[in-house]
Amino acid sequence: MKKSLFILVGLLGFSFVLKAQITQDTIKLTPFEVRDSILKKVPYLECKILKEQLDGEDIRDVGDYLRTIPNVSGVRKGGVSVDPVIRGFKFSQLNVILDGGVRVENGCPNRMDPVSSHVEAEDIENIEVVKGPFMLKYGPALGGVINLVSKKPHPYEKFEIHADALYGFETNWNGQREHISVYGGNKKIYFLLTGGYRDYGNYQSGNSDGHDTTFNSSFRKYNYGAKLGYSPKKNHSIMLSYNEIHGRDVLYPALPMDEKSDDTRMIALDYNVVDLSSIIKSLDVKIYYSDVDHVMDNSHRAGWDSKQMVSVVDASNIGGRAEMGMQIKKHKIFVGLDYENIYKDGARTMTMLMMGTTTVKKANLWKEAKTQNIGLFAEYKTLFSSWELDAALRLDYNTANSEDTLKLIKNEVEYFNDLPSNYLNFSFSLGITKEIASGLYVSLALGRGTCSPNMLERFIKLMSVGYDNFDYLGNPQLKPEKNNEADLTLKYVNDKIGSFYLNGFYSYVQDYIGAVMLPSSVIMPQTAGVLGVKQFINVKSVGFTGVEFGYTTAEKYKWGGSIVAAYTYGYIPTVTKYIVTGGSVTGDTVLKNDALSEIPPLETTVSFFYKFLKGKLVPKISARIVADQRHVSEASYEPYTPGFALLNFSVKYNIVKYVSVAAGVNNMFDRAYYEHLNRKIIGTTGKLYEPGRVFYINVNVKI
Amino acid sequence: MKSKFLLLSAFFALYGLYGCKDKQIEPEPAKEYGKVKFNFTHLVDGLPLDKDTMIYTNAAGNNYEVDQLMYFISDVTLHNSDGSTKLIDGWKDINYVDIDLPAKLSWSVYDDIPVGTYNSISFTFGISEAKNITMMYVNPPEVNMMWPSILGGGYHYMMMNGKWKDTANVIQNFAFHLGIGQLYHSNVINTDSIYAFVQNYFNVELPNSTFTIEKDKTRQIEIIMNIDSWFKTPYVYDHNYWGSGIMQNQPAMQMAKDNGFDVFTTGLIQ
């Protein structure tokens with residue numbers, strides 16, 4: 001605590017030293033989160049969260065925060081790095097990128113480090129979330145796009161320098177976070193320096209059921225980075241970015257190992273031109289390189305003395321994109337290409353200490369695996385009468401190979417081979433929006449997103465990477481998934497009444513990547529506590545359908561509120577269920593129209609706020625009500641999840657021009673609950689609970 | 001010309017009719033299957049094992065008791081009366097048996113077994129060399145059967161732990177363990193002296209194991225381990241002679257292996 005206070009005082013002191021160079025920058029404390037860009041006339045659901053909305057929020061983890069967006073949920077395996085899920089689509093079915101194109105290949109096979117964990121909330125300028133396979137310019141998108149845009153420096157008329165500092169503290173975890181950024185520059189050269197530190201302990205679940213449980217969920221992360229911009233002439237800019245983010249002793253009670261260390265480095269170079277000619281309105285070129293060194297082990301687990309597992313993975317991604325924007329009268333055209341080259345290599349070393357002897361076994365998880373994807377894309381937008389048309393198409397050539405030596409053949413069935421795979425994928429979307437009355441819009445979007453299997457699905461060897469207790473084996477011959485989706489959306493915007501939207505969607509996914517159990521006579525698991533081995537396979541088809549509703553009051557009033565609700569239903573027409581008796585598979589049966597696993601239940605969030613002191617003081621109360629999830633996968637023995645209701649309260653106070661405070665309490669009634677997508681505690685059937693009641697305070701100084 | 005056309009048409013029509021008839025393939029009779037379940041029973045001198053109790057006397061005159069018994073059988077093969085065989089490996093080909101774990105005293109086989117009459121059952125006691133891979137098991141209880149790499153690796157075929165009264169009437173522990181044996185230079189029992197390994201798994205033919213498989217029915221077959229047989233035929237095994245542990249004693253394991261041929265019998269088939 002003393003250390004925290006010292007850091008806070010230090011940050012404040014540093015901030016005030018810079019006070020002499022104050023400019024007109026002010027803290028904009030937006031009192032209410034408009035979760036959906038209702039005002040945008042795109043034919044699909046696009047949600048943009050601005051920096052002002054992030055400020056003051058209690059965000060220990062970006063993935064955790066994304067779960068506040070309707071129909072966005074997350075897979076929790078520990079205290080941090082919640083892996084986002086949109087409408088039941090997850091992992092590489094989502095195109096999660098940084099700064100409109102930087103990709104980071106997760107080092108951990110268990111996705112301890114999804115892309116969203118490689119950026120901290122304090123460094124984010126805005127978050128863009130697109131649901132469905134409609135936005136194709138950022139890469140192949142099957143279920144949606146999440147674009148995490150970081151803060152960037154910009155030119156100033158004359159030299160200026162500024163600083164932001166943040167200190168946040170949370171009870172329950174005894175967690176603290178500190179962050180500072182210094183930025184400034186002149187007309188030609190501008191810069192941004194950032195650094196942050198997070199140190200969180202283990203959290204306790206709520207005790208509404210009579211007892212609380214402490215989960216081994218502590219983590220420590222720190223990050224730093226720099227951005228340097230240069231404007232050689234008017235309308236031209238170049239920016240060089242370098243960021244590092246490091247994790248230490250990040251515990252994951254729902255995984256067989258914990259993150260010992262994760263070291264991620266990202267470097268990017270951007271070149272941007274606007275108004276090149278009367279037709280060419282923009283040109284954006286980006287190249288990047290990201291590298292992840294990930295080490296995990298079970299040294300924090302009880303079995304470390306007799307069985308030690310250590311996995312070391314090196315993952316890198318190098319690529320770039322170029323996009324040109326053109327406008328001819330009412331016609332806007334964007335064309336471009338992108339490229340990425342993923343490399344992954346890693347091994348697991350198991351050491352068994354039994355009967356006075358030590359046995360060591362080393363096995364590769366990936367062996368110099370490579371995936372390359374080159375894509376061409378185009379977007380077209382136009383207006384005619386009261387209609388707006390959006391069209392996009394994308395062509396990808398995807399190739400993958402690995403230096404694996406594993407060949408798994410039994411009874412003439414080839415389960416795993418070392419053959420490379422190449423795919424030519426075509427994606428497109430077409431949407432129309434019609435203003436049918438003043439402020440009332442109806443949109444129809446049709447899209448087909450095609451996405452090649454990822455590195456894990458193709459080449460992983462025997463790691464428990466699923467939600468169930470099985471080791472998973474990759475399948476180099478997987479085919480790409482194709483999502484054929486239709487979205488129908490009704491939007492209404494009125495200055496006095498507010499805004500609402502109603503969306504319904506249906507997805508028919510072909511060659512969906514699922515998994516099937518493999519006999520132990522073919523392959524044995526390698527992870528302690530798992531029941532067997534599953535291999536990724538293409539399922540002929542699955543379906544997703546759902547609805548989403550949102551309403552927000554008009555912004556002109558002192559008071560306001562919102563209500564959002566979302567529901568997704570996922571099913572698989574035909575699936576094999578394996579009958580397990582006494583821990584052994586004794587038979588199988590075919591099920592019709594079984595539920596897909598890991599589909600979030602119906603939920604709704606209602607919020608109210610009031611702006612006091614001309615908006616300087618804004619208290620807000622919100623209730624989140626989540627229904628039972630009883631539509632669960634019978635084939636996967638997925639348990640049902642009980643519903644719950646939470647109440648949160650927060651207040652944001654802009655004390656003076658430079659200082660703001662946000663405080664609040666989450667899970668006010670200390671409810672013991674877990675989300676349906678939370679993973680099980682490894683080796684048990686019990687789920688990882690969410691934190692109980694948490695009081696928090698964030699102090700933000702900006703000069 | 002017209003008549004030629006008609007003639008040709010008639011020819012092709014007839015050919016087509018006969019051709020079609022000739023090409024009709026007799027549908028293959030649908031294969032019918034049943035299931036099989038093995039129940040494992042452990043007897044001493046013809047009676048169910050009463051473990052942790054020193055009430056038994058072996059052929060060498062040792063008073064003894066059995067406290068723990070775990071073993072693997074693998075590659076179980078059903079021999080059909082028509083000469084065909086059915087290897088049980090559809091889901092698993094190695095089965096672990098443990099007298100302390102009720103779930104491990106039966107095995108409901110995943111494989112579909114073709115209906116018919118089967119003359120006999122055979123299996124490998126232990127695990128064959130090709131399949132006995134070090135660290136292939138990661139979970140208990142099987143993982144606890146690990147055989148040290150330095151002694152040959154893989155897994156124990158059997159662990160029978162118990163006690164016997166030595167010649168001075170002192171109760172001693174015995175670990176009647178079977179696995180990969182070692183050959184030592186100059187018979188010096190030191191791991192540095194190992195120059196070769198010996199695979200001690202062996203094949204078992206279950207006597208009187210005729211049974212039938214009926215469609216959609218499960219045939220339950222009792223496999224009995226007669227524990228006392230490990231110690232008597234063809235060689236009398238004396239705990240006082242071989243001592244407590246035999247993992248590094250290939251002659252003792254060889255004797256156990258030789259005695260193993262009649263350890264298993266068939267019990268109730270229902």
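Which residue in S3(A) is the bridge partner of Val72(A)? I began my notebook with this question, and I kept in mind throughout that I was reading a predicted model.

**Entry 1: a small sheet in chain A**

I looked up Val72(A) and found that its bridge partner in S3(A) is Ile86(A). I then checked the two strands as a whole: S2(A), residues 72-75, and S3(A) run antiparallel and are joined by four bridges. Another position that I noted along this pairing is Gly74(A), which stands opposite Pro84(A) in S3(A).

I followed Ile86(A) to the other neighbour of its strand, and there Ile86(A) stands opposite Phe89(A) in S4(A). S4(A) covers residues 89-90, and it pairs with S3(A) in the antiparallel sense over two bridges. Between S3(A) and S4(A) lie two residues, so I looked at the turn of this hairpin, where Arg87(A) has a positive phi of about 50 degrees.

Putting the pieces together, I wrote down an open sheet of three strands in the order S2-S3-S4 of chain A, with antiparallel pairing. S2 and S4 of chain A each have a single partner strand and stand at the edges, so each has one side without a neighbour in the sheet.

Which way do the residues of S3(A) point? I found that Asp83(A) and Val85(A) point one way, while Pro84(A) and Ile86(A) point the other way. I reminded myself that in a regular strand the side chains alternate between the two faces of the sheet. In S3(A), residues 83-86, the residues pointing either way are all buried.

**Entry 2: a second run of strands in chain A**

Further along chain A, I looked up S32(A), residues 603-610, and S33(A), residues 617-626, which pair in the antiparallel sense over seven bridges. Within this pair, Val606(A) stands opposite Ala623(A) in S33(A). The two strands form a hairpin with six residues between them, and in the turn I noted Leu613(A), which has a positive phi of about 50 degrees.

S33(A) is also joined by ten bridges to S34(A), residues 644-656, and these two strands run antiparallel. On this side I recorded that Ile625(A) stands opposite Ala645(A) in S34(A).

**Entry 3: chain A as a whole**

I stepped back and found four helices and 36 strands in chain A. Its radius of gyration is 25 Å, close to the 27 Å that the globule rule gives for 703 residues, so chain A is as compact as a globular protein of that length. Along the principal axes, the C-alpha atoms of chain A fill a box of roughly 70 × 60 × 45 Å. Of the 703 residues in chain A, 49% are buried. Among the contacts in chain A with a separation of 6 or more, 66% are between residues 24 or more positions apart.

**Entry 4: chain B and its helix H3**

For chain B, I noted three helices and 17 strands, and I saw that 35% of its 270 residues count as buried. Of the contacts in chain B between residues at least 6 apart in sequence, 70% join residues at least 24 apart.

I then turned to H3(B), residues 250-259, where the buried residues include Met253(B), Met255(B) and Ala256(B). What do the buried residues of H3(B) pack against? I listed strands S11, S12, S13 and S14 together with helix H2, which are elements of chain B. Leaving aside residues up to four places away in sequence, Ala256(B) touches Phe176(B), Leu178(B), Trp230(B) and Tyr237(B).

**Entry 5: the cores and the contact between the chains**

Ala256(B) turned up again in the largest nonpolar core, which has 175 residues, as one of those with the most contacts inside it; Ile460(A) and Tyr472(A) are also among them. The largest share of this core, nine residues, comes from strand S4 of chain B, residues 63-80. Apart from it lies another core, of seven residues, including Ala163(A) and Ile180(A).

How many residues of chain A are in contact with chain B? I found 23 residues of chain A in contact with 18 residues of chain B. On the chain A side, strands S18, S19 and S31 each supply at least two residues, and S31(A) gives the most, with four. By class, this side of chain A has nine nonpolar, 13 polar and one charged residues.

Definitions and conventions
Residues numbered from 1 in each chain as written. Chains lettered and ligands numbered in written order. Predicted model: local features only at pLDDT ≥ 70, side-chain atom pairs only at ≥ 80, totals over all residues. Buried ≥ 20, exposed ≤ 12 C-beta atoms within 10 Å, placed from the backbone. Contact = placed C-beta atoms within 7 Å. Nonpolar A, V, L, I, M, F, W, Y, C, P; charged D, E, K, R; others polar. Core = buried A, V, L, I, M, F, W, Y, C linked by C-beta atoms within 7 Å. Rg over C-alpha atoms; globule rule 2.2 N^0.38 Å.
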